[in-house]
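Colleague: Could you take me through this model, one point after another, and give your reasoning each time before you name the answer?

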Amino acid sequence: MDTVTDQICLAIRQRILEGGFRGGDFLKQQMIADELGTSPAPVQAALSRLAADGWVENIPYRGARVIEWTREDSHEVFEIRALLEAYAARRAAVRIRATQLTRLRAIVEQEFTLLQRASPPHDWLSDLNLEFHQTIMAAAGSRRLQRSLETVMHGAISARSTYGLDHPVMANAIDEHARIIEALANADGESAADLMQVHILSVARGQCEEGV
């Protein structure tokens, strides 16, 4: 069961994604506690967690401030990911383990199931998407590459890059996940790399159409 801190984190993340809290806004603990009907202690814990996850930054003597996120930031993230993750997929194709392939297929099944809901849960889909890409990153077997990708696949960055995608874009993205898995299962590094690059850039186009 989610803790109070988990619930507060979710509420603040959602408000940031929806524009209720904008880049540069300072988040007042007591105000949030009053709005959510809780005490300041779990709000403070939630803000600390959100700072670690890249949603807010702690400014000395002023508190937690929402980190700015622009269209240019989003474009840059997708461009870097397209380059690095294509390389990761190529490496993973000849290194991936059966257990990793099994997990990737389970993730795609969960994504398809969630997408059938009337209101697909963005947080859950975002977490599954992040795990999908992290699993391939781990299968690539390169610590240097993993460190580079972790910077541009941080939880807040991933969520903000995929928020607001419409149903057809999300459905296409999950189909692309499935095709990437098959290329990996066939040890076809070139196809896996090409499919990964196409996938990331197609999501970028969908996100651009929806706006940041």
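Modeller: Let us begin within a single helix of this predicted model. Arginine 81 and glutamate 85 both belong to helix α4, where four residues, about one turn of the helix, separate them.

Colleague: How far apart, N to O, are the side chains of arginine 81 and glutamate 85 in their salt bridge?

Modeller: A salt bridge requires a side-chain nitrogen of Lys or Arg within 4 Å of a carboxyl oxygen of Asp or Glu. The side chains of arginine 81 and glutamate 85 meet in such a bridge, and the N to O distance is 2.5 Å.

Colleague: Is arginine 81 buried or exposed, and what of glutamate 85, buried or exposed?

Modeller: The cut-off for buried is under 20% relative accessible area. Arginine 81 has a relative accessibility of 5% and therefore counts as buried. For glutamate 85 the relative accessibility is 2%, so this residue too is classed as buried.

Colleague: Which helices hold glutamate 131 and arginine 103?

Modeller: The side chains of glutamate 131 and arginine 103 meet in a salt bridge, at 2.7 Å from N to O. This pair links distant parts of the chain, 28 residues apart, with glutamate 131 in helix α6 and arginine 103 in helix α5.

Colleague: To which class of accessibility do glutamate 131 and arginine 103 belong?

Modeller: Partly exposed covers the range between buried, under 20%, and exposed, over 50%. Glutamate 131 has 26% relative accessibility and so falls in that range. Arginine 103, at 31% relative accessibility, also counts as partly exposed.

Colleague: Which residue forms a salt bridge with glutamate 57?

Modeller: Glutamate 57, at 31% relative accessibility, counts as partly exposed. Its partner is likewise partly exposed, with a relative accessible area of 26%. The closest N and O atoms of this salt bridge lie 2.9 Å apart, and the partner of glutamate 57 is arginine 65.

Colleague: Turning to the nonpolar interior, which helix gives the most to the largest nonpolar core?

Modeller: The largest nonpolar core has 31 residues, and those with the most contacts inside it are Leu104, Phe132, Ile136 and Leu184. Helices α4, α5, α6, α9 and α10 each supply at least two residues of this core. With eight residues, the helix that gives the most to this core is α9.

Colleague: Leaving aside neighbours within four places in sequence, which residues is phenylalanine 132 in contact with?

Modeller: Phenylalanine 132 is among the residues with the most contacts inside the largest nonpolar core. With neighbours within four places in sequence set aside, phenylalanine 132 is in contact with Leu104, Ile107, Val108, His177, Ile180 and Ile181.

Colleague: What distance separates the C-alpha atoms of alanine 139 and arginine 95?

Modeller: Alanine 139 is found in helix α6, and its relative accessibility of 5% means that it counts as buried. Apart from neighbours within four places in sequence, alanine 139 is in contact with Ala92, Arg95, Ile96 and Gln100. Although alanine 139 and arginine 95 are 44 residues apart along the chain, their C-alpha atoms are separated by 6.2 Å.

Colleague: What is the volume of the largest cavity?

Modeller: The structure holds two cavities of 30 Å³ or more. The largest cavity is lined by 17 residues, with Asn129, Thr162, Leu165, Met170 and Ala173 nearest its centre, and the largest share of that lining, five residues, comes from α6. The volume of the largest cavity is about 250 Å³.

How values were computed
Residues numbered from 1 in each chain as written. Predicted model: local features only at pLDDT ≥ 70, side-chain atom pairs only at ≥ 80, totals over all residues. Heavy atoms only, no water. 1 Å grid on protein atoms, 1.4 Å probe; cavity = no way out; pocket = protein on both sides within 12 Å on 5 of 7 lines; lining within 4 Å. Points joined across faces, edges and corners; volume = space filled by probe spheres on them. Core = buried A, V, L, I, M, F, W, Y, C linked by side-chain atoms within 4.5 Å. Buried < 20%, exposed > 50% of the residue type's maximum accessible area, 1.4 Å probe, protein only. Contact = heavy atoms within 4.5 Å.
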